[in-house]
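Trainee: I'm new to this one and would like a close look at a single part. Could you pick a spot and walk me through it?

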Amino acid sequence: MSAHLLENLNPEQLAAVTLPHESALILAGAGSGKTRVLTTRMVWLIQGGQVSPHGILAVTFTNKAAKEMMTRISAMLPINTRGMWVGTFHGLANRLLRTHWREAGLPQSFQILDSADQLSAIKRLMKSMNIDSEKYEPKKVQRFISANKEAGLRARDVEAFDAYSTRLVEIFEAYDAQCQREGVADFTELLLRSYELLLRNEPLREHYRDRFKHILVDEFQDTNTLQYRWLKLLAGPGTALFAVGDDDQSIYAFRGANTANMAEFEREFAHGNVIKLEQNYRSHGHILTAANTLIAQNAHRLGKNLWTAEGEGEPIRVYAAYSDQDEASFVVEEVRALNREGINLSDMALLYRSNAQSRVLEHALFSASVPYRVYGGLRFFERLEIKHALAYLRLLTNPEDDGAFIRVVNFPARGIGARTLELLSAHAAQSGASLWQAACTASGKVAGFAKLIEDIKQATRELPLAEVIDHVIEASGLADFYRADKDGSERLENLNELVNAAALFGQEAEEATLDSFLAHAALEAGEHQAGVGLDALQLMTVHAAKGLEFHAVFITGLEESLFPHEQSTLKGTSANEESGLEEERRLMYVAITRARRRLYLSHAQSRMLHGQVRYGLPSRFLDELPQQVLSPLNRRSGSAQPQSFGYAAPAVSIGVVKNAGNDTGYRVGQSVAHAKFGSGIIIDFEGRGADARVQVKFRDAGTKWLALAYANLSIV
DNA sequence: GCGTGACATTTTTTT
DNA sequence: AATGTCACGC
C-alpha cells in the first residue's frame, strides 16, 4: 500500500479511515475533511485487499457529490472503478430496478417522472376522478403522496381520520395505479419500489447483502425515513455501514430529512463507535467562534465544537443598510474592493435565504458591470422545449406513457384540442387502453399523429442515440416551430444542446440506449450551464451553498421574517415552531461556515417584497452571535447619510415617507423601544397631535397599535 | 382550438 | 414585481 495515502491525516481522520470492519458514525463538522475521509477510506479498504471495488456501495445525495467522490478515487487508485456502486440514492435505486425490472413488476422501459411530471400526472388523474382542485390542491396532494412514500407508506398503510383524508388516500391509491398502468415511476417510487423488491425477494436481498461488505453514506443527516430503511435492508450481518454526517448541517427537514436517523443509527449500528472530526481546516478563528456560539443555542444536538489551528483572523463585518438597494450597493463596493486586492470573484459568494432576493443584488451587480453567476433556477432538462423533446422520446420507448402523450399530442399545434382529447381519453378508459392505443384506432387528426410517431419509430430504428434525437426534433415539427417563432432561437440552441448532450452520453456511458439516456436526463438535471470557467461572483441561496467554501462570503437579508423565514416558524404546533427555528439556525450555521477568511453580514431596514415596501427588524441571529467578534460597519465617511445602526430615515428610493405629525418626531420605518414590549419598528401611523397612534411591529411581542401620548416610546 | 387578459400566489431543493 | 394559471371570447 502506498504510504502517502495516510499522510497528513490528523489522528481522528486516521482513526476513521482505518476503522476495522465495523459500522461507525463519523460526526464530521463543517470543513473537517469529510469527503477526504470518505474517499481515503474506500481507497484504503481496496488497496489493503479487504474488499474488492465490487463489494463497495457508496451513497451520496447529489450527483455532484457522487462525481466528486469518483474523481478523487480515480486519482488515488489506478484501477477500473466501473464495478463500484457509487451514486445517489435515486441513481442506485434506478440501477437496481433496471436490472431486476421483472421482479419489481415494472416494464423494461419504465420512465422516470420528475416533480413537474408528477404534478401534471396528479392533475390529470384528479380531472379524471372529477375531484375539485380547489378543495384538493394538486400541490398539496403531491406533498401528501411524497411524504407518505418517503415514510415508506403505501396508500393502504395510511390511516384516514376524516372525509378529507379518506379522499386523499383514495387519490394516492389511484395515482399509484395510474403510474403502474403507464409504466412510470416518480423519484420516491424508485426508492420505495427497490426497497419493497429487496424486502420481498429474499434471494435477491441475500445476494446484495452478501456482495456489499462496506456501505458508505455521505451527508447522513439528510436521509429520510425510507432511505434509512433502504440502507438497513441492504446491510447484512457481514456489512459495515460507515455513515458520515453533521447534524448541525441538517437543513432539509422540510422535505422529509430525519435528523433522528443519526441518533438511531448510533444506537442500532454504531454502538458507540463514533468518531468526531472537530478540527476545521477552512475558516479563521473569529468565523468559527461565531458559528459555534450560534449553533450552541440549538437544544437538539449531538454535540460537537469546531476548532482551528489558524489564528483569529479578521472580525466579522456587519452592515446595517437603509434599504435592500443600499445593501446591494454596499455589497458591490466591497466586492470590487476585494477584487482589486486580488481576490478572484469566483472565490466570493453572495448568499441569501430565498431566491427572490437575488433580483435587487443582480441589478446592482449588472449596473456596476461586475460579472456574476446565479446558481439554481431553471435547469437544462427542465426547460420546456427539452421536456417536449424528451416526451417524444419517451413515447417512442414506452407508448403507455399517457403523460408524455398528452404533452406532445398537440405540440406543435396539430388542431387536436381539449374536446378531442376528452373523447379520446373516454374511449381509452372504456376499453382500459392507453391513450396511445386509443389513438392508433382513431381517425382524422389523431390518426395523423399516431402515424407521425409510427414513422419516427421506423426511421430511427437503426440510428445511434444522438441521431435519433436529432431526427425526432426535426420530424416532430419542434424545430420548425421554434424557427418560426421570433423568440425561439434560444430554444433552438437548447434543442441542439440536447443532441450534443446525447452524443456525449453516447461516448461516456456504458450502454447508450434511449432508456438509459432518458433516465440520465431525469436523474441528473445537472449543471449544464455554460460560462463555468469565467471569473464571476457566485450568487446562490444558503441551501445551494452547502458543501462549498469561499474566501469571502456575504450573507444578506438578515432580517426577522426573512432569515429566519417567517414560514418556517409560523405554522403548526409549538414543537414545529421550535424545530423550524432550529433548522433556520442550522441554515445560518451553514452559511457562516462557508467563509474561509472574510465574512460580511448585512440587513436592511426596508425591503421591497411582493411589490410592497416592508420594514424589517435585524435578525435575532445577529444578536445570538458573540458581539466581540463583530465589527459594525458604517457608511463610508464623507457620506451625507446618517451613520448609526437603526436610527435613520429610510432611503429616498423606497417611496413616500409618512410622518406621524410634524411634531412627534416619529415616522414609519423608525426603530423604537417600548418598556414592556421591547424593540420594534414603526410600520404605520394614524391621527395627529395628541391623538396620534402608531403601529409598531415588535421583535418578540407581535404587532400592536399604540397611542403615542401614553406609550412612551423611545427612539433607538 | 387558440390567444388574451384577469387573477392569484409567492421558502428553502434534490432526485 | 413577476410569474404562472385559468376562464373567456373570438
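Mentor: Sure, let's start with Ser 476, which is buried because its relative accessible area is 4%, and the cut-off for buried is under 20%. Keep in mind that this is a predicted model. So where does Ser 476 sit along the chain? Look in the loop that links helix 20 (465-475) to helix 21 (478-484). Its side chain reaches the backbone nitrogen of Leu 478, at 3.2 Å. Setting aside neighbours within four places in sequence, Ser 476 is in contact with Tyr 392, Pro 412, Arg 414, Leu 452 and Ile 456. Ser 434, for its part, is 42 residues from Ser 476 in sequence, and the two C-alpha atoms are 21 Å apart in space.

One of those contacts, Tyr 392, gives us a handy way onward, as helix 15 covers residues 384-397. Helix 15 packs with helix 23 (residues 514-523) at an angle of about 140 degrees, and their axes are 10 Å apart. That angle is why the pair counts as oblique. The crossing of helix 15 past helix 23 is left-handed. Who makes the contact? From helix 15 it's Leu 390, Leu 393, Arg 394 and Thr 397, and from helix 23 it's Leu 514, Asp 515, Phe 517, Leu 518 and Ala 521. Sorted by class, that contact holds six nonpolar residues, two charged ones and one polar one.

Conventions. Residues are numbered from 1 along each chain as its sequence is written. Chains are lettered from A and ligands numbered from 1 in the order in which they are written. This is a predicted model: local features need pLDDT of at least 70, side-chain atom pairs count only at pLDDT 80 or more; totals for chains, interfaces and linings use all residues. Side-chain values use heavy atoms; hydrogens and water are left out. Axes are lines fitted to C-alpha atoms, for helices over the stretch in contact, and angles run from 0 to 180 degrees between N-to-C directions. Helices (H or I, at least four residues) and strands (E, at least two) are DSSP runs, numbered from the N terminus. Angles under 35 degrees count as roughly parallel, over 145 as roughly antiparallel, 65 to 115 as roughly perpendicular and the rest as oblique. A crossing is left-handed if the near helix is turned anticlockwise from the far one by less than a right angle, and right-handed if clockwise. Contact means heavy atoms within 4.5 Å. Ala, Val, Leu, Ile, Met, Phe, Trp, Tyr, Cys and Pro count as nonpolar, Asp, Glu, Lys and Arg as charged, and the others, Gly among them, as polar. Buried means under 20% relative accessible area, exposed over 50%, partly exposed in between (1.4 Å probe, protein chains only). A polar contact is a pair of N or O atoms within 3.5 Å; within protein, one must be able to donate a hydrogen and the other to accept it, and residues adjacent in sequence count only if both atoms are side-chain atoms.
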